Amino acid sequence: MKEVGSACPVDPEASVLLHCGPWKGLREEQVQVELSNRYNRRTVAEVEQHIEEVWAERITQKPWLFNGAKFRLFSASLVPSPSCSTLGGAGNTSHWGCNVRRGGGDAAPMEGCKIGGWREEGCRGSGEVEGGEEVPMRWEVVGQKMQCPPRDARFPTHTEGRASAVPPLYEGGGYASVNCSCRQRGVGATLLTLQLGLTCYKDFLGTNWSRRVGALMARGEAEFGDTQALLAQPLGVGGVLRTSDGLIVLLRRSQKVAEAPGLLDIPGGHPEPKAVCQGVSEDCIRVEQLAERAVVRELFSSVSAEIRDEVNIPLSSLSEPVLLGIALNHTSAGRPSAEFYISCSLSSKEVKDFYWQGGPEAHESTDIVFLSQEEVMQLDESASLWTELCPSAKGAVMLYRLVLPDKDEEGMCSVTNAKSI
């Protein structure tokens, strides 16, 4: 896997799966989800027994714990707007899409073009089709041309029954990080598709957070060709909150929380299936009951709700969230989190005053810390403060630096340091 960019710190606890730098972040209308039971965790009898044993032990130690439904991230696909340009100048309509997920084989970005042939800039096509299936292929930019080496049988196809599907990107034993070479923002177009299933907190404790997670990942790779197949992989959310006077908000986590006690974090949590399926018991929520646009709305609105509850500032003071990308927490087996940028109409002093008044989730943190944008942009593994950040905060900082370094007239930021992978 290549580095995402020179501005992005390298850290064993966190990494960037996918970033939205080419568009300076994505709005809600530019994101869609696909919900299916195919995207749920694979079940194996011995693993299910282990999960139940872990859960029984945890609720004995902490009787107040309760299970809750979560969304499970299976894959994420970035597809540029048809109006964007890549290899050529303005008006050139060629583009390529990328999917990312766990799987076997080498990293292999795909482009629809004839096997073993050349595509001049500006050309478009759906790719060569054999037996009704899309053929996966590598690509390589050579000058102003795109070269596709011969078909490699190691790379499986992934049509999911849709003729327009783009095969996913694979990397042996781990996620592959990608970004699109497009540098124009496709406003209003669907640019990111998240394939989601359902999971729960109990499954997370018994898989991602289990002492046996290494064995579970090895078994997933051996039996399903996917190290994540047996893991819960609940999708979290986090918010990089910027005050009106240009400071980034961090919270000091309480010593009583289960994960990363005492470390600095950004406000965050999880989008909740129960918010989309109100009136249904969490144990009874099924994929078929969830409306896809409502799930996208919950994904974006949940991060604002987390900021309200943890920082105690009103929703009316927050801008619409802008999706920076997805980061992985490797202290919990690569658990994914969607990280957002949100600006606030309140000053850092006003935010601090609200925080100390206490909100619904005030017990989760003990202090509020403010960093200047300059300090955030200089954060890397050599900085003493870096060691005080929990993995989710590290991933959010990486994405912020890649996607939104400098504020522009739209209230967001321009890309200065992002590199193509």
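**Exercise 1. A polar contact at S210**

Which side chain does the side chain of S210 meet in a polar contact? Place S210 in the fold, then list its contacts.

*Solution.* The model is predicted. Step 1: locate the residue. S210 sits in the loop between α2 (201-206) and α3. Step 2: check exposure. S210 has a relative accessible area of 8%. The cut-off for buried is under 20%, so S210 is buried. Step 3: list the contacts. Setting aside neighbours within four places in sequence, S210 touches H50 and L205. Step 4: find the polar contact. The side chains of S210 and H50 are joined by a polar contact of 2.7 Å.

**Exercise 2. The fold in outline**

How many helices and strands does the protein have? What percentage of its residues count as buried?

*Solution.* Step 1: count the elements. There are 8 helices and 19 strands. Step 2: take the burial. Of the 421 residues, 54% count as buried. Step 3: look at the range of the contacts. Take contacts between residues at least 6 apart in sequence; 75% of them join residues at least 24 apart.

**Exercise 3. Strand β10 and its partners**

Describe the burial of β10 (residues 192-200), then identify the sense in which β2 and β3 pair with this strand.

*Solution.* Step 1: count buried residues. In β10, 9 of its 9 residues are buried. Step 2: split the strand by face. In a regular strand the side chains alternate between the two faces of the sheet. One side of β10 carries L192, L194, L196, L198 and C200. The other side carries T193, Q195, G197 and T199. Both faces are covered. Step 3: take β2 (residues 31-35). This strand runs parallel to β10, with 5 bridges between them. Q32 has T193 as its bridge partner in β10. Step 4: take β3 (residues 69-78). Here the pairing with β10 is antiparallel, over 9 bridges. F71 has L198 as its bridge partner in β10.

**Exercise 4. A lysine in β3**

Is K70 buried or exposed? Find what its side chain meets in a polar contact.

*Solution.* Step 1: place the residue. K70 belongs to strand β3. Step 2: read its accessibility. K70 is buried, at a relative accessible area of 12%. Step 3: survey the surroundings. Leaving aside neighbours within four places in sequence, K70 contacts residues including G197, L198, T199, C200 and Y201. Other contacts of K70 include P234, H270, E272 and P273. Step 4: single out E272. K70 and E272 lie 202 residues apart in sequence, yet their C-alpha atoms are 5.9 Å apart. Their side chains make a polar contact of 3.0 Å.

**Exercise 5. The faces of α6**

Which residues of helix α6 (residues 348-357) are buried? Work out how they are arranged and what covers them.

*Solution.* Step 1: name the buried residues. They are S348, V351 and Y355. Step 2: look down the axis. The buried residues of α6 fall within an arc of 60°, so they line one face of the helix. Step 3: turn to the face pointing away from the buried side. This face of α6 carries the exposed residues K349 and Q357. Step 4: find the cover. Among the elements over the buried residues of α6 are β12 (247-253), α5 (292-311) and β17 (365-372). Step 5: check the end. Just after α6, G358 has a positive phi of about 90°.

**Exercise 6. Aromatic pairs**

How many aromatic pairs does the whole structure hold? Classify the pair Y355 and W356.

*Solution.* Step 1: count. The search finds 7 aromatic pairs. Step 2: classify. The ring centres of Y355 and W356 are 5.0 Å apart and the planes stand at 80°, so this pair is edge-to-face. Y355 is buried, at 6% relative accessibility. Step 3: look for a cluster. Ring pairs link W55, Y201, F204 and W209.

**Exercise 7. Positive phi outside glycine**

What are the phi values of K24 and Q233, and where do these residues lie?

*Solution.* Step 1: take K24. Its phi is positive, about 60°, although K24 is not a glycine. K24 lies in the loop between β1 (14-19) and β2. K24 is partly exposed, at 28% relative accessible area. Step 2: take Q233. Its phi is positive too, near 50°. Q233 lies in the loop between α3 (213-224) and β11 (236-242). Q233 counts as buried, at 0% relative accessibility.

Terms used:
Residues numbered from 1 in each chain as written. Predicted model: local features only at pLDDT ≥ 70, side-chain atom pairs only at ≥ 80, totals over all residues. Heavy atoms only, no water. Phe/Tyr/Trp six-rings, centres within 6.5 Å; stacked < 30°, edge-to-face > 60°. Buried < 20%, exposed > 50% of the residue type's maximum accessible area, 1.4 Å probe, protein only. Helix = DSSP H or I, 4+ residues; strand = E, 2+ residues; numbered from the N terminus. Arc of directions from axis to C-beta. Contact = heavy atoms within 4.5 Å. Pairing = 2+ DSSP bridges. Polar contact = N/O pair within 3.5 Å; in protein donor to acceptor, adjacent residues only side chain to side chain.
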